[in-house]
2 protein chains.
Amino acid sequence: MNTKEKIVAAALDVYNREGIRTVTTRQIAREMGISAGNLHYHFKHTEDIIFTIFGQLQRDYDEMVALFDKKDLVLRELLQEFINGSYRLINKYRFIFVNFVEVCAWIPAIGESYRDLVMRREEQFVSLFRYYAELGMFRQDIPIAILKGFIRQIFIISDFWYSSFAVLGGRCQSDALEDYRQTIEVAFYPYLT
Amino acid sequence: MNTKEKIVAAALDVYNREGIRTVTTRQIAREMGISAGNLHYHFKHTEDIIFTIFGQLQRDYDEMVALFDKKDLVLRELLQEFINGSYRLINKYRFIFVNFVEVCAWIPAIGESYRDLVMRREEQFVSLFRYYAELGMFRQDIPIAILKGFIRQIFIISDFWYSSFAVLGGRCQSDALEDYRQTIEVAFYPYLT
DNA sequence: ACAAAATTAGAACAATTGTTCTAATTTTGT
DNA sequence: ACAAAATTAGAACAATTGTTCTAATTTTGT
């Protein structure tokens with residue numbers, strides 16, 4: 001791992017731990033035992049670090065989705081894979097989810113990139129649900145408007161479940177995954193056959 | 001409106017507009033045409049302003065709920081009142097919702113106060129749904145675990161819908177309410193009879 | 001009317017911030 | 001082996017921050 005990668009890893013760690021509000025580039029540098037000057041040699045601006053982290057999140061996400069496609073799963077299996085996989089990402093990059101609006105206002109390219117991702121995701125979900133509806137695993141009597149609303153719901157829950165969990169005072173890791181699983185499953189419950 | 005109230009109003013306005021990340025007490029003071037020294041005469045610390053705003057949000061919320069209780073509504077009417085009322089609050093205090101985790105980490109009293117509110121809200125919802133289930137307006141066959149999960153879902157959506165809307169690039173006010181209404185209604189859809 | 005208290009503006013302070021600059025050291029390609 | 005390029009530490013900079021201090025002005029209670 002070269003210095004640039006180490007900076008990204010350290011920044012992710014510190015941001016997750018303390019939030020973007022109070023963390024400084026000096027603190028990130030100190031934490032990893034390099035000078036602030038050196039950090040800014042590799043990343044001229046703080047935004048550049050965060051933008052790099054966001055890029056990593058997107059690559060991780062695409063990788064996860066590609067993995068699902070290969071496996072050809074039953075809907076309930078896919079749901080479990082989705083829960084485990086998305087939880088891992090949400091937890092790994094939680095500071096971004098916790099500060100999503102501010103980050104997008106600060107670095108507009110992240111907002112644009114996210115909106116692209118969401119549009120792709122939405123289509124994937126629609127065709128996925130159609131596929132499982134034909135296999136009799138997903139309800140067939142759902143109007144498209146409701147279906148899109150349901151997908152929107154899943155996005156809100158998966159993007160902001162961590163924020164809610166954190167605000168409610170959740171700490172323990174094992175509780176966290178169970179809480180996330182429960183929340184997503186309940187959202188799906190009325191739509192499964 | 002005395003100076004103290006004016007400061008709170010101006011702060012709410014500026015925070016909603018620009019987010020807590022970049023706004024300074026100097027900027028709030030400048031915006032309302034008073035000196036920074038004067039602002040800090042009324043609020044020694046920045047946290048005190050935010051804590052006051054959060055107190056206002058809670059009073060507004062309690063007021064809204066009390067209004068519902070008086071009216072003795074049919075479930076679908078109540079749902080509409082809830083959507084309109086909660087939207088008004090979410091929009092009025094949007095900067096808090098957008099920075100909920102950071103605000104709670106910064107000012108622990110807000111987190112504690114919110115957790116109290118959520119516990120009260122949860123009980124209210126359970127007994128409300130029981131009441132409407134007896135009247136045949138809400139499904140009676142929902143296990144309590146699912147019901148609690150559904151309530152959790154509603155909280156996540158109402159607390160973070162704005163964040164999602166903002167990140168998706170939503171701007172226009174009229175679109176916003178419709179989007180919120182649609183999202184909440186779809187969440188309720190499978191549980192109404 | 002007038003003393004005491006409350007409010008105000010503006011200067012001042014000490015700390016911190018992101019970033020740049022400089023000079024030294026290390027690594028790389030040949 | 002050695003010149004050029006990349007990396008590093010640490011000092012330096014200019015701007016900004018929340019907050020305090022001081023002295024003036026305004027309001028309040030009697």
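How many residue pairs are in polar contact across the interface of domain 1 of chain A and domain 2 of chain A? The rule finds three, counting pairs with both residues at pLDDT 80 or more. Keep in mind as you read that this is a predicted model.

**Inside chain A: two domains**

Let's stay with chain A for a moment. Its domain assignment splits it into domain 1, covering 1-44, and domain 2, covering 50-191. If you go from the C-alpha centre of domain 1 of chain A to that of domain 2 of chain A, you travel 28 Å. Where the two meet, domain 1 of chain A puts in seven residues and domain 2 of chain A puts in 11 residues.

How much area do they bury? The size of an interface is often given as the accessible area lost when the parts come together. Between domain 1 of chain A and domain 2 of chain A, that area is about 830 Å², with carbon and sulfur atoms giving 74% of it. On the domain 1 side, three names are worth finding in the structure: A:Leu12, A:Asn16 and A:Ile20. Together they supply 63% of the area that domain 1 of chain A buries against domain 2 of chain A, which is more than any other three residues do.

What about charges? The rule finds zero salt bridges across this interface between domain 1 of chain A and domain 2 of chain A. The side of domain 1 of chain A that touches domain 2 of chain A has six nonpolar residues, one polar residue and no charged residues.

**Chain A meets chain B**

Now look at where the two chains come together. Chain A and chain B each bring 39 residues to the contact. The buried area here is about 3700 Å², and carbon and sulfur atoms give 66% of that. There are 12 residue pairs in polar contact between chain A and chain B, with both residues at pLDDT 80 or more.

Which parts of chain A do the touching? Helix 7 (100-106), helix 8 (108-134), helix 9 (144-167) and helix 10 (173-188) of chain A are the elements that give two or more residues to the side facing chain B. Helix 9 of chain A gives the most, with 15 residues. Sorted by class, this side of chain A has 25 nonpolar, nine polar and five charged residues.

Between chain A and chain B you'll also find two salt bridges. One of them pairs A:Arg152 with B:Asp179, whose closest N and O atoms are 2.7 Å apart.

**Meeting DNA strand D**

Next up is the DNA. There are 17 residues around DNA strand D, and those that come nearest are A:Ser35, A:His42, B:Thr24, B:Arg26 and B:His45. On the DNA side, sugar and phosphate make up 62% of the atoms of strand D that come within 4 Å of the protein.

Which elements supply this surface? Helix 3 (36-42) of chain A, helix 2 (25-31) of chain B and helix 3 (36-42) of chain B each give at least two residues to it. Helix 3 of chain A gives the most, with four residues. By class, the surface near DNA strand D has two nonpolar, 12 polar and three charged residues.

Here are some side chains of chain A, with the part of DNA strand D that each one reaches:

| Residue | Part of DNA strand D | Distance |
|---|---|---|
| A:Thr3 | phosphate oxygen | 2.9 Å |
| A:Arg26 | base nitrogen | 3.3 Å |
| A:Asn38 | sugar or linking oxygen | 2.9 Å |

Definitions and conventions
Residues are numbered from 1 along each chain as its sequence is written. Chains are lettered from A and ligands numbered from 1 in the order in which they are written. This is a predicted model: local features need pLDDT of at least 70, side-chain atom pairs count only at pLDDT 80 or more; totals for chains, interfaces and linings use all residues. Side-chain values use heavy atoms; hydrogens and water are left out. Contact means heavy atoms within 4.5 Å. Buried area is the accessible area (1.4 Å probe) that two parts lose on being put together, summed over both. A salt bridge is a side-chain nitrogen of Lys or Arg within 4 Å of a carboxyl oxygen of Asp or Glu. A polar contact is a pair of N or O atoms within 3.5 Å; within protein, one must be able to donate a hydrogen and the other to accept it, and residues adjacent in sequence count only if both atoms are side-chain atoms. Ala, Val, Leu, Ile, Met, Phe, Trp, Tyr, Cys and Pro count as nonpolar, Asp, Glu, Lys and Arg as charged, and the others, Gly among them, as polar. Domain bounds come from an automatic or database domain assignment. A residue is near a molecule or strand if one of its heavy atoms lies within 4 Å of it.
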